[in-house]
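Subject: Structure for your review

Dear colleague,

Please find below the sequence and structure that I should like to hand over to you. My findings follow directly after it.

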Amino acid sequence: PVKAAAKTSTSATQTTATVDKAQVKAFKEQVEKHLRTTIGTSPVKASKLAWWQAVVATVNEDIFGRLTDTQQTHAKNDTRAVHYLSAEFLMGRLTINNLTNLEKFDVAREALKEFGLDINEICEEEPDMALGNGGLGRLAACFMDSLATCNYPCVGYGIHYENGLFRQEIRAGKQVERPDSWREYGCPWEACRPESVQNIPLGGYVEKQTAPDGSQCSVWHPSSMIKGVPWDIPVVGYRGSSVAILRLWESRSTEQFNWDVFNAGGYVDAQAEKSLAETISKVLYPNDSTEAGKELRLTQQYFFCACSLRDILRRYKRSHHNDFSEFAAKIAIQLNDTHPTIAIPELMRLLIDEEGLSYDQAWDITSKTFNYTNHTLLPEALEKWPVYIFEKLLPRHLELIYEINFRFLNGPVEAKWPGNNEIKSRLSIIEEGEVRKVRMANLCVITSEHVNGVAKIHSKLVKENLFPDYAQLWPNKFCNVTNGVTPRRWILSCNRGLAELYNDVAGKDWPLDLDKCEVLKKYADKKEYQDRFMKIKHDNKVALAKTIKELTGVEVDPNAMFDVQVKRLHEYKRQHLNLLYIMSLYKSLLEDPDQDIVPQVFIFGAKAAPAYTLAKDIIFAINAVGEKINNDLRIKGKLKVVFLPNYRVSLAEKIIPAADISEQISTAGYEASGTSNMKFSMNGALTLGTMDGANIEIVEQAGIENNFIFGLSVDEVLELKPRYNPWDYYNADHDLKAVVDWLDSDFFTPGQPGALSSIKTSLLNNGDPFLVLADFASYKEAHQRAQKLFKDKAKWARAAMINSATMGIFSSDRSIRDYAENIWTLRSQIVKK
Ligand code: 475
């Protein structure tokens, strides 16, 4: 049984809108019906989990009908559809979002209230679907929301990981990884589709055969078969427009396969082989922006691409039989980074080996079907697979890759640069060396119609610095689509107070046309609206302060400035620059405890890849410094530092609406775009950041004067890097020297001297690869500007409102329309009921 909800629950999510009584009654009846007949319990004894399941069952009644309508419409119209291939979809929780998109949130809230329940508490029962690492995975999730909302024919394809990204615990200040079995007790949103199971061959060898006409052909004899079981997750468009499908593949062993092994080696071996097959979709690799380089990872990539392509072909053949002339006109495939690149040779193989097309026919289709999005310039993230792994797992695919490479180097490359072997070795898909490797990005660029980066500056760097030779060959292949985020999740669902304000000033359609929010600019100088805007922010901060207390035990004052940096932990994102600044602020407070500074709360959230030692050391340092500062009575609570454990989508939804300052402080040129920067601005935080990624476009919209920009530009970084010496900065700046040396003492880690030294080592002895010391002075100065403005409540409110009002172009609907018009050539379809 669940006790009645407290009257004053999180006020930040309360709305005052009047709700239709009849709808509330109907919703209540449905929930109670499902509680009894689907879940098998009753209102008096139901647990919160049971109530949540009953709510989901109720919502699903709505969703599945609309799903059928959507699929029938798209099948009938038979226009081009996009297939978004991504190794990651970071969906988070779905209940509040689905209720919001069906415009049932208020109804559900009232209905649950009549049962004595708080909707937010009930929705806390839902585990996050953490099937992604960070930005790239969350982008895919926002794109699904926009594809559905904008009514584009589409399917998202990915992996049904049994374990999502690890759950992070903090013990004695250190990150500990725990498994995340998000569907241990089942996930009520997903539906298994046994009728669409696929069998995927793997391993073995290739036999050369001579056809009756004398031509050579290759026959692949795989050594094993893996079964791919599809799980469908419906994605509801806003106002129920259409329902898109996210299809995730789970690996199983095939009966045939088991049977053979059983005959050959007996039951135990058969079981071992079974677990091998099931291992493929067991875990998500927890590496963000770094290469995993493991055989299992390539197997995962191949497995989900092979399943997805068979699914696409099956559906195509249903209406076009064996005539492939229309294939590229009907099918667009988007590769979300290089992770699904193996889909390219797999499509070639299916068309040639299984459908009997010629190489030229297959290439013509393949090269008109694929497009590739690049998400990072970091060299360690560019996937390269040793040729010997391909020989073992995918021998026929390797043969096709060689063929693609041969024709490319002897065709377009030879024509443009006759006899130039240096250029050929740079452009080749194969990297020569002690261990020969397949460069997946090169295969993507050679095959794709379009290659895009994810923010203007990033797309420019992709074209000019990452692929300059390809850009000479095909200048028009390269384009930009600046990222976006869905305003349904990132304003309407997570910041009800702000959503109501927009309803009042911009009308109710702003979630479908975020440019409408710009009217708020007109009210940015009006005291009444400033007060309302800042009251919403304050309420959100009160709610976050409560969460901080629950999760860390630290008390923070909602009147203090909330300065937030939440994102994966990586040196290039420079959480340690933030930490050095906090240390210098603390030092100056110790020197003069009575100085008049704005009280500040520094809030961090970040997971580190388990093998990334320095990243884990930085997490430990943040916790150690926080522990000391939070308990130092001398500074009178003017400064607090909190590290919120297990940062994930559902925590972001609580943190972002409560931020005053958004820290976006990557070394210029390294953050491809960033997407939390957009979410923060929409929710009225001011950006303290570098001219990097989409920060540049954010201040283009909101005005540089309404944000705090600092640091070296991309050009300055490129210029400084070759002659950079961190010691120069260390020796020239007393304050900087003092805080860097502080890391070597045991001040923050009593009894453990040197526990934070690895950070100092990376900054001085290892050359400070991300120019932390070079940007320190400028960063400090930007913080001083922020403090000054925060003291002027009216000016701050004005700047915050202008930021929020001008983020229209960062709706993922705009990104998706860009892709649809410039890359996919899709037409939006009205779904008939
Ligand atoms: C960029 N993830 C952000 C975001 O475009 C950008 C890499 C390898 C393996 C698994 N995951 C990854 C990324 O590379 C990634 O998340 N990149 C991010 O993509 C969306 O906004 O700047 O760092």
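The axes of helix α23 and helix α30 (residues 757-764) come within 9 Å and cross at roughly 125°. Please note that this is a predicted model. Two packed helices are described by the angle between their axes and the distance between the axes. An angle from 65 to 115 degrees would count as roughly perpendicular and one over 145 as roughly antiparallel; α23 and α30 are therefore oblique to each other. The crossing in which α23 passes α30 is left-handed.

Which residues bring the two helices together? On the α23 side they are L614, D617, I618 and A621, and these meet S758, I759 and S762 of α30. By character, the residues of this contact comprise four nonpolar, two polar and one charged.

Helix α23, which spans residues 613-630, also lies across strands β21 and β22, and runs at about 145° to β22. A further helix, α22 (residues 575-591), lies across β20, β21 (600-605), β22 and β23, with an angle of about 155° to β21.

These strands belong to an open sheet of six, whose order is β22-β21-β20-β23-β24-β25 and whose pairing is parallel. At its edges are β22 (639-643) and β25 (708-709), each of which pairs on one side only. Strands of a sheet pair through backbone hydrogen bonds, either parallel or antiparallel. Within this sheet, β20 (residues 561-566) and β23 (residues 661-664) are joined over two bridges in the parallel sense, and D563 stands opposite I661 in β23.

Yours sincerely,
A colleague

Note on methods: Residues are numbered from 1 along each chain as its sequence is written. This is a predicted model: local features need pLDDT of at least 70, side-chain atom pairs count only at pLDDT 80 or more; totals for chains, interfaces and linings use all residues. Side-chain values use heavy atoms; hydrogens and water are left out. Two strands pair if DSSP finds at least two bridges between them. Helices (H or I, at least four residues) and strands (E, at least two) are DSSP runs, numbered from the N terminus. Contact means heavy atoms within 4.5 Å. Axes are lines fitted to C-alpha atoms, for helices over the stretch in contact, and angles run from 0 to 180 degrees between N-to-C directions. Angles under 35 degrees count as roughly parallel, over 145 as roughly antiparallel, 65 to 115 as roughly perpendicular and the rest as oblique. A crossing is left-handed if the near helix is turned anticlockwise from the far one by less than a right angle, and right-handed if clockwise. Ala, Val, Leu, Ile, Met, Phe, Trp, Tyr, Cys and Pro count as nonpolar, Asp, Glu, Lys and Arg as charged, and the others, Gly among them, as polar.
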